[in-house]
Amino acid sequence: MGHAIRIFLIASCLLFSTVYAQSVRLLAELGKKDIHIAAHRGVHTQYPENSIPAILEAISLGVSIVEIDIRSTKDGVLILMHDGTVDRTTTGKGKVSNLSYAEIQDLYLRAAPAGAASNDRVPTLEEVLRLCKGKIILDIDFKEEDERYVAKTFELIAAENMEDEVLFFLYDHRAIEKLYKLNPGITLFPRARSMKDLHEILKSNRTSIVHIDESFDNYSELVKLKDQGVTLWMNSLGDIDKQALRQGNSVYELFLKKYPYIKIIQTDYPALWTKMLGSEK
């Protein structure tokens, strides 16, 4: 990218961030590419989900974002775990909230759901923050039911000086203001389930990065929002990814044509996306 173009992108992000209260550096990073790929639970089709190797592979592929799931142990240690129990993804059994960190550290992650044990342990959020710093943006999907641990999550992010390298996902956009007050430097990333939700999120002036899905059919407005600097995220998880695995690049090419307003795509097959996008250059 030319020097003048890069300056323009950063300047645009700086201007846009005066409207939306979020990380200028993160916006500048997202301004460097037309399309960003997010690896869902790391590269979990090759390594255990939410594991160190799955995250390292995402970094190695050069994707922009890695999505991780967070829960707390009985004694308050924040770990990477999608489910409320350890049954599916580890060699143990029981609710995460009923197990101490020491007990979870005795377990091994499974190479595939309910599959054979790997040599990998359950990582902590602190480990993963340090691993990813300066290498990849973290999308934190906070699965923990006890909301008190949101503050602890934000404290760990701040302690590692990673406010500019994290997206904090919100299932309910109505929580934006409450969480914004915990740490205005952390970029909140809510899901919109309707255009009404999307308008409310943008009207809050707290973030311009929003998760939408295929049900959104306001094509012209969504294109206009992208042109105005709004970053829209959509998943290719499920049928789209499975079709691409069977049929090749044409599936993803059609996806991009159908949703030209999307800037971030979360996938179970980041290597397929990076290969396809690389072949377009």
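**Aromatic pairs and charges over rings**

Modeller: In this predicted model, Tyr219, Tyr252, Phe255, Tyr259, Tyr261 and Trp273 form one aromatic cluster. A search of the whole structure finds 10 aromatic pairs.

Biologist: Why is the pair of phenylalanine 142 and phenylalanine 168 called tilted?

Modeller: The ring centres of phenylalanine 142 and phenylalanine 168 are 5.8 Å apart, and centres within 6.5 Å count as a pair; the planes stand at 40°, which is neither under 30 degrees, as stacking would need, nor over 60, as edge-to-face would need, so the pair is tilted.

Biologist: What makes this a link between distant parts of the chain?

Modeller: Phenylalanine 142 belongs to strand E4 (residues 137-142), while phenylalanine 168 belongs to strand E5 (residues 166-170), and the two are 26 residues apart. Both phenylalanine 142 and phenylalanine 168 are buried.

Biologist: What makes the pair of phenylalanine 169 and tyrosine 171 edge-to-face?

Modeller: Their planes are 75° apart with the centres at 4.8 Å, and because edge-to-face asks for planes over 60 degrees apart and centres within 6.5 Å, the pair qualifies.

Biologist: Why is phenylalanine 169 counted as buried, and why is tyrosine 171 called partly exposed?

Modeller: Phenylalanine 169 has 9% relative accessibility, which is under the 20% limit, and therefore counts as buried; tyrosine 171 has 35%, which lies between 20% and 50%, so tyrosine 171 is partly exposed.

Biologist: Which charged residues sit over rings of tyrosine 108 and tyrosine 180?

Modeller: Arginine 121 lies over the face of tyrosine 108, 4.0 Å from the ring centre, and the charged end of arginine 206 sits over the ring of tyrosine 180, at 3.8 Å from its centre.

Notes. Residues are numbered from 1 along each chain as its sequence is written. This is a predicted model: local features need pLDDT of at least 70, side-chain atom pairs count only at pLDDT 80 or more; totals for chains, interfaces and linings use all residues. Side-chain values use heavy atoms; hydrogens and water are left out. Rings of Phe, Tyr and Trp (its six-membered ring) pair if their centres lie within 6.5 Å; planes under 30 degrees apart count as stacked, over 60 as edge-to-face and the rest as tilted. Helices (H or I, at least four residues) and strands (E, at least two) are DSSP runs, numbered from the N terminus. Buried means under 20% relative accessible area, exposed over 50%, partly exposed in between (1.4 Å probe, protein chains only). A charge sits over a ring if NZ of Lys or CZ of Arg is within 6 Å of the ring centre and within 35 degrees of the ring normal.
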